[in-house]
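Student: I have a new model open on my screen and would like to understand the words people use for it. Could you take me through them?

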Amino acid sequence: MKKLIILALSLYLTVFMTLTAANIRGKVTNKETGKPLGKVVVKILETGNIAVTDSDGSFAFNNIEDGSKTFLIKEQGFQKYNTTVDVSSNAELNIDLNYQTYKFDDLEVTASSKRLEKVTESPGAIDVLYADQIQEKSRANQLGAAFDGM
């Protein structure tokens, strides 16, 4: 009799948990380009569950309890993204990530060589990039273009 009660209770809890569980699907994209981002970490803070997006930016969580859940999305080179969603049976979460930007007051690049050599003897290309060129390119968000051909 005791085994029958335990079996009935286990069956009831399994059915109850299945009925109150949610499936969450979503996609993570680059806000600027609209392209999907793969290998992005998506975490539900309340449960600790983690998903990693596939190459088309998609992720999924299955059998998550209904209720309010906070999602943390992190990817190198992008700003962290937090959002709280009231999760019910099947939820869809689409996230656009912004690039992480940094502002520097000064940037100094140095190099050294063990022996003195003439510029014409250098094994690599040498060019000069002046501060006004860096400022001009950074205002136009083309700082990488300033180094082209160097």
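Tutor: Gladly. Read along the sequence, the chain follows the pattern α-β-β-β-β-β-β-β-α-α, which gives three helices and seven strands. Please keep in mind that this is a predicted model.

Student: How much of the chain is made up of buried residues?

Tutor: Buried residues make up 20% of the 150 residues. The chain exposes about 11,900 Å², and carbon and sulfur atoms supply 52% of that area. As for contacts with a separation of 6 or more, 46% of them involve residues 24 or more positions apart.

Student: Let's get specific. Why is serine 68 called partly exposed?

Tutor: Its relative accessible area is 45%. Buried means under 20% and exposed means over 50%, so serine 68, at 45%, falls in between and counts as partly exposed.

Student: Where does serine 68 lie, and which residues is it in contact with beyond its neighbours in sequence?

Tutor: Serine 68 lies in strand E5, residues 67-74. Leaving aside neighbours within four places in sequence, its contacts are Glu46, Thr84, Val85 and Asp86. For valine 85, the C-alpha to C-alpha distance to serine 68 is 5.6 Å, although the two are 17 residues apart in sequence.

Student: Threonine 70 is in E5 too. What makes it buried?

Tutor: Threonine 70 has a relative accessible area of 17%. The cut-off for buried is under 20%, so threonine 70 qualifies. Beyond neighbours within four places in sequence, threonine 70 is in contact with Lys43, Ile44, Leu45, Glu46, Thr83 and Thr84.

Student: Which strands does E2 pair with, and in what sense?

Tutor: E2 runs antiparallel to E5, with four bridges joining them, and isoleucine 44 stands opposite phenylalanine 71 in E5. E2 also pairs with strand E3, residues 50-52, in the antiparallel sense over three bridges. There, valine 42 stands opposite alanine 51. E2 and E3 form a hairpin with five residues between them, and glycine 48 in the turn has a positive phi of about 80°.

Student: How do you know that the side chains alternate along E2?

Tutor: Look at which way they point. Val42 and Ile44 point to one face and are buried, while Val41 and Lys43 point to the other and are not. That fits the general rule, because in a regular strand the side chains alternate between the two faces of the sheet.

Student: What makes valine 41 partly exposed?

Tutor: Valine 41, found in strand E2, has a relative accessible area of 32%. That value lies between the 20% and 50% cut-offs, so valine 41 is partly exposed. With Ile50 and Val52, Val41 forms a nonpolar patch on the surface, and together they have about 250 Å² of accessible area.

Student: What about E7: which residues are on its covered face?

Tutor: The covered face of E7 holds Ala91, Leu93, Ile95 and Leu97, and the uncovered one holds Asn90, Glu92, Asn94 and Asp96. E7 runs parallel to strand E1, residues 21-30, and eight bridges join the two. Valine 28 stands opposite isoleucine 95 in E7.

Student: On to the rings. How many aromatic pairs does the structure hold?

Tutor: The structure holds three aromatic pairs. One of them joins phenylalanine 59 and phenylalanine 61, with 6.0 Å centre to centre and 70° between the planes. Planes over 60 degrees apart count as edge-to-face, so this pair is edge-to-face. Both of these phenylalanines are buried.

Student: And why is the pair of phenylalanine 78 and tyrosine 99 called stacked?

Tutor: Their planes are 20° apart, with 5.0 Å centre to centre. Planes under 30 degrees apart count as stacked, so the name fits this pair. Phenylalanine 78 lies in the loop between E5 and strand E6, and tyrosine 99 in the loop between strand E7 and helix H2, so the pair ties together parts that are 21 residues apart in sequence.

Student: Are those two partners buried or partly exposed?

Tutor: One of each. Phenylalanine 78 has a relative accessible area of 13%, under the 20% cut-off, so it is buried. Tyrosine 99 is at 38%, between 20% and 50%, so tyrosine 99 counts as partly exposed.

Student: Which residues do ring pairs link into a cluster?

Tutor: Phe59, Phe61 and Phe71 are linked that way.

Methods
Residues are numbered from 1 along each chain as its sequence is written. Side-chain values use heavy atoms; hydrogens and water are left out. Buried means under 20% relative accessible area, exposed over 50%, partly exposed in between (1.4 Å probe, protein chains only). Contact means heavy atoms within 4.5 Å. Accessible areas come from the Shrake-Rupley method with a 1.4 Å probe; for residues, only the protein chains shown count as cover. Rings of Phe, Tyr and Trp (its six-membered ring) pair if their centres lie within 6.5 Å; planes under 30 degrees apart count as stacked, over 60 as edge-to-face and the rest as tilted. Patches are made of residues with over 30% relative accessible area and no salt bridge: like charges are joined within 9 Å, nonpolar side chains (Val, Leu, Ile, Met, Phe, Trp, Tyr) within 5 Å. A salt bridge is a side-chain nitrogen of Lys or Arg within 4 Å of a carboxyl oxygen of Asp or Glu. Two strands pair if DSSP finds at least two bridges between them.
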